[in-house]
Amino acid sequence: MDELATKMLLADRGKLATALVGVVFAVVLVNVQGGLFIGLISKASLLVDQGGAEIWVGHRKMNNVDFPHDIPRRWVHRIRSIPGVQQAEPYLVGHSVMTLPSGGFEQVLVVGSDSRSLLGAAGQVAVGDPRSIREPDAVFLDVGDLDKVENPQVGELREIGRRRARVVGYTEGVLGFLVTPYVFTTIDRAAEYLRKPTDQASYFLVALSPTADTGKVQQEIKARLPDAEVMTCDQYAWVSVDYWLRRTGIGVSFGAATGLGLIVGLIVVAQTLYASVLDRVHEYATLKAIGATEPQLRAVVFSQAMLLALAGSAAGLLAVAVVQTLCSTPRAPITVPWWISITSCVLVTLICLLASLAPYFKLRRVDPAIVLQ
């Protein structure tokens, strides 16, 4: 029956191509929409992911890494004395304004890390030495945000919070969920840009020794700092992502577009298989007349659906790879994990099988007697 199903599909290549386009479209839409969604929402936890700390300590009810609330910097001493803590450093994050040479201004998100350890400092440095952040007035900007601050060259000066800032290098791909550019510097300089007292911090970043038990250290920090929130890196990354998911409805928007693509694929495949059955009513009637059973006829239709799903999924994944290569950028990354590709193929296969039900029910009503007419 598989050979018969294949021959019937190939007999009308125009309709076969139409059905394949529908399946490919569904696979591409699910993967690209899913990849765009994951690439975009992963920016919400960018500072946490690239910070290099196992545990983040902040103000109670902290819910977004880009919107912290100050805590006393002296609390860090209670963390450093806990067994298993290799390093604990204050970290400062806050919004300020950069004055531009043209007289304009740009909101920036200042990120200050400890100048000695550089824990939480800018990663993915493309131009410059990361250690040059210790130089007077030094800041790092991201290549993708340079146009927003009038393309400063290395060594060029800007003003942040009415304080002088000198660009000493660029990062690449460190673009946050907000449109606000990140400015990486030391914590003391960040305090000047943000006009905050030097006894305040936004977070404490905690790095653990290799043999430390993360859960036990987390519990111990909670016991010593009952007024603080203590989360592992993964927990705070998810909290930051969840903040935007719940408050913007971005997941619903992307999900609706993906669902629309699946529905279109379902309709195209169902219409193609249904038309194929209508075109070959006499052939199916002949099969019935010579003794083909209903399960055998059902196998023909389901085999056609499976063939469309397999061929369309393969072509669709190839198209996704091309789109990802040509269109993914740091500003709009298309991140397609393997599980999205697998899920899309499973979904498309289920849709193709579901779409085959309509032609199958039509096939059941075909009367073998029409062969004699």
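What percentage of the 373 residues of the protein count as buried? In this predicted model, the share of residues that count as buried comes to 49%. The secondary structure of the protein consists of twelve helices and twelve strands. Along its principal axes, the C-alpha trace spans about 95 × 50 × 30 Å, and the radius of gyration of the protein is 29 Å, whereas a compact globule of 373 residues would have a value near 21 Å. Among the contacts between residues at least 6 apart in sequence, 81% join residues that are at least 24 apart.

The surface and the charges may be considered next. The protein exposes about 17500 Å², of which 60% is supplied by carbon and sulfur atoms. Its charged side chains comprise 34 positive and 33 negative ones, and the centres of these two sets lie 4 Å apart.

The aromatic rings of the protein form eight pairs. One of these is made by phenylalanine 67 and tryptophan 244, whose ring centres are 6.2 Å apart and whose planes meet at 55 degrees, an arrangement that counts as tilted. Phenylalanine 67 belongs to the loop between strand E1 (55–59) and strand E2 (71–72), while tryptophan 244 belongs to helix H7 (residues 233–248), so the pair ties together parts that are 177 residues apart in sequence. The two partners can also be described by their exposure: phenylalanine 67 is partly exposed, with a relative accessible area of 34%, whereas tryptophan 244 has a relative accessibility of 11% and counts as buried. In addition, one aromatic cluster is formed by Trp56, Tyr91, Tyr203 and Tyr236.

A further position described here is threonine 349, which is placed in helix H11 (residues 338–355). The relative accessible area of threonine 349 is 17%, and because buried means under 20% relative accessible area, threonine 349 is classed as buried. When residues up to four places away in sequence are not counted, threonine 349 touches Met306 and Ala309. With regard to methionine 306, which is 43 residues away from threonine 349 along the chain, the C-alpha atoms of the two residues are separated by 6.6 Å.

Technical notes
Residues are numbered from 1 along each chain as its sequence is written. This is a predicted model: local features need pLDDT of at least 70, side-chain atom pairs count only at pLDDT 80 or more; totals for chains, interfaces and linings use all residues. Side-chain values use heavy atoms; hydrogens and water are left out. Helices (H or I, at least four residues) and strands (E, at least two) are DSSP runs, numbered from the N terminus. The radius of gyration is taken over C-alpha atoms; the globule rule is 2.2 Å times the number of residues to the power 0.38. Buried means under 20% relative accessible area, exposed over 50%, partly exposed in between (1.4 Å probe, protein chains only). Contact means heavy atoms within 4.5 Å. Accessible areas come from the Shrake-Rupley method with a 1.4 Å probe; for residues, only the protein chains shown count as cover. Lys and Arg count as positive and Asp and Glu as negative; His and the chain ends are not counted. The place of a charge is taken as NZ of Lys, CZ of Arg, CG of Asp or CD of Glu. Rings of Phe, Tyr and Trp (its six-membered ring) pair if their centres lie within 6.5 Å; planes under 30 degrees apart count as stacked, over 60 as edge-to-face and the rest as tilted.
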